[in-house]
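Colleague: I am new to this structure and should be grateful for a close look at a single part of it. Please take one stretch of the chain, explain what surrounds it, and then place it in its wider setting.

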Amino acid sequence: MPFSNSSELSPSFLLAGLPGLEGAHSWLATALCSAYVLAVLANGAVLLAVRAEPGLHAPMYFFLCMLAAIDLALASATVPRTLCLYWLGSRRIGFGACLTQMFLIHALSAAESTVLLAMAADRYVAICHPLRHAAVLGGRATAKVGLLALARGVLFFLPLPLLLLPLPFCGPRRLSHSFCLHQDVMNLACANTTPSVVYGLTAILLVMGLDAVLICLSYLLILRAVLRLAAWRERLKVFSTCVAHICVVLAFYVPLIGLSVVHRFGKDLAPLVHIIMGNVYILVPAVLNPIIYGVRTKQIQRTILSLIRVTD
C-alpha cells in the first residue's frame, strides 16, 4: 500500500544491508570504519600541512584543501549512518533524514566536480599562460571558486528533495544502498516521477557532465601546448605536474559513472554490486585524493612529517 508523507507521522525507508551475508556485517563495518578513519586522518593532514606551510599557499593547494573539506563532509554524511546499519542493525532511516542525506551527497559531489574543473583550469593557465597565472588565479579568485562550488551544488540539487517531498511512496520502501540517493528513493514513489527524473538528469548533465567535458577540453589544450615543446624531457617534466590531478579526476568520475551505469542498467545485478559500488563512490575519492597528492608532492610530505615530529 502506498503512503502519503503528509499522512504518516514518521515515514521511513529501509537501508540495504548484505542479504544472506548478515554474519559478514561486522567485518564490512570494520573495513568501512578503517577507510573512514584513514580518510579523516589523511584529509586532515593535508589541511594542516597547507595551513602550516607558507610555501603551499598557492591556488592548486587551496583547491586541494577544498577537495579535502568536501570529501570529509561527504564521508561524514554517510559513513557513520552506514556503520550504525552494519554494527547495530539499525536499518530504518526517517524520511527527512533520508532527503537531507540525499541532498548532501549530490550537492557535495557537485561541489567536488566544480573544484576539479577549477584545478584543471589552474593547470591550463599555469602551463599555457604562466605569466598570467598569478593575475588570473589570485587569492580572491580562489576563494570565489570555493563559494561558487558550494552555491552551484546547493542551487542545482536543492530541488531534488523538494520534488520528492510531496510524493507518496510504496511499501516496503527498501533502498538498494546503505545510504540515500536520488534515483534510489525516487524509484519507490507510487506517483508520476517524470519531473524528478527530468530534473535529476538535467542537473547531472549540466554539472558533472559539463565539468567532465570542460576538463577534457582543458587537457587537450594542455597536451597541444606540451607537444609544441622541443625536448621530450621538457615535455614529460611539464606534463608530470598534471599527473596528480588526472588521477584525482579519475578517482572521482570512474566511481560516479560506474554507479550511474549500475542504476540505469543493473537492475538484475546482485544487491551486493549496488552496495559495493555505492561505498566505492563515497569512500574512494576521500581516501585516494590526499594519498595521491601526498605521494606526488614532496613539500606536503615534508610538512606532514615535520608536524608529526612537533607533536611527538
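Modeller: Arg-173 is a suitable place to begin; this residue sits in the loop between S4 and H7. The model is a predicted one. Arg-173 has a relative accessible area of 14%, and a residue under 20% counts as buried, so Arg-173 is classed as buried. Along the chain, Arg-173 and Ser-12 are 161 residues apart, yet their C-alpha atoms are separated by 7.7 Å.

The loop between S4 and H7 also holds Cys-180. With a relative accessibility of 0%, Cys-180 is buried. Its C-alpha atom is 9.0 Å from that of Phe-13, a residue 167 positions away in the chain. If neighbours within four places in sequence are left aside, Cys-180 is in contact with Leu-15, Ile-93, Cys-98, Gln-101, Met-102, Ile-105, Leu-175 and Val-185. Of these partners, Cys-98, Gln-101, Met-102 and Ile-105 fall within the residue range of helix H3, which runs over residues 95–128.

Val-185, one of the contacts of Cys-180, belongs to helix H7, which covers residues 182–186. Is Val-185 buried or exposed? Val-185 is buried, for its relative accessible area is 0%. Residues up to four places away in sequence not being counted, Val-185 touches Phe-13, Cys-98, Leu-164, Phe-169, Leu-175 and Cys-180. Cys-98 and Leu-175 thus appear in the contact lists of both Val-185 and Cys-180. For Val-185 and Phe-169, the separation is 16 residues in sequence and 8.9 Å in space, taken from C-alpha to C-alpha.

Two of the residues touched by Val-185, namely Phe-13 and Phe-169, lead to the aromatic rings. How many aromatic pairs are there in the structure? The count comes to four. In the pair formed by Phe-13 and Phe-169, the ring centres are 5.3 Å apart and the planes stand at 90 degrees, so the arrangement is edge-to-face. Phe-13 lies in strand S2 (residues 12–14) and Phe-169 in strand S4 (residues 169–170), so this pair ties together parts that are 156 residues apart in sequence. Phe-13 and Phe-169 are both buried. Ring pairs also bring in Phe-95, which forms a cluster with Phe-13 and Phe-169.

Helix H3 may now be followed further. Ala-118 is found in this helix, and its relative accessibility of 10% makes it a buried residue. Apart from neighbours within four places in sequence, Ala-118 is in contact with Phe-63 and Val-145. The C-alpha atoms of Ala-118 and Leu-214 are separated by 10.0 Å, although the two residues are 96 apart along the chain. Arg-123 is also part of helix H3. Arg-123 counts as buried, with 11% relative accessibility. Beyond its neighbours within four places in sequence, the contacts of Arg-123 are Met-60, Tyr-219, Ile-222, Thr-241 and Cys-242.

The wider setting can be drawn from the UniProt record. In an unreviewed entry, UniProt places the feature "transmembrane region" at residues 27–49, 61–83, 103–125, 145–169, 197–222, 243–266 and 272–295. In the model, residues 197–222 are 100% helix and 0% strand, with the end C-alpha atoms 36 Å apart. Residues 272–295 are likewise 100% helix and 0% strand, and there the end C-alpha atoms lie 32 Å apart.

Finally, there is the matter of enclosed space. Rolling a probe the size of a water molecule over the atoms shows where empty space is left. A search of the whole structure finds one cavity of 30 Å³ or more, and the space in the largest cavity is about 40 Å³. Which residues line the largest cavity? The lining is made up of Leu-32, Thr-78, Val-79, Thr-82, Phe-179, Asn-279, Ile-282 and Leu-283. Helix H2 (59–88) and helix H11 (271–296) are the elements that give two or more residues to this lining. By type, the lining residues comprise five nonpolar, three polar and no charged.

Terms used
Residues numbered from 1 in each chain as written. Predicted model: local features only at pLDDT ≥ 70, side-chain atom pairs only at ≥ 80, totals over all residues. Heavy atoms only, no water. UniProt positions renumbered as here; feature names shortened; annotations may be inferred. Helix = DSSP H or I, 4+ residues; strand = E, 2+ residues; numbered from the N terminus. Buried < 20%, exposed > 50% of the residue type's maximum accessible area, 1.4 Å probe, protein only. Contact = heavy atoms within 4.5 Å. 1 Å grid on protein atoms, 1.4 Å probe; cavity = no way out; pocket = protein on both sides within 12 Å on 5 of 7 lines; lining within 4 Å. Points joined across faces, edges and corners; volume = space filled by probe spheres on them. Nonpolar A, V, L, I, M, F, W, Y, C, P; charged D, E, K, R; others polar. Phe/Tyr/Trp six-rings, centres within 6.5 Å; stacked < 30°, edge-to-face > 60°.
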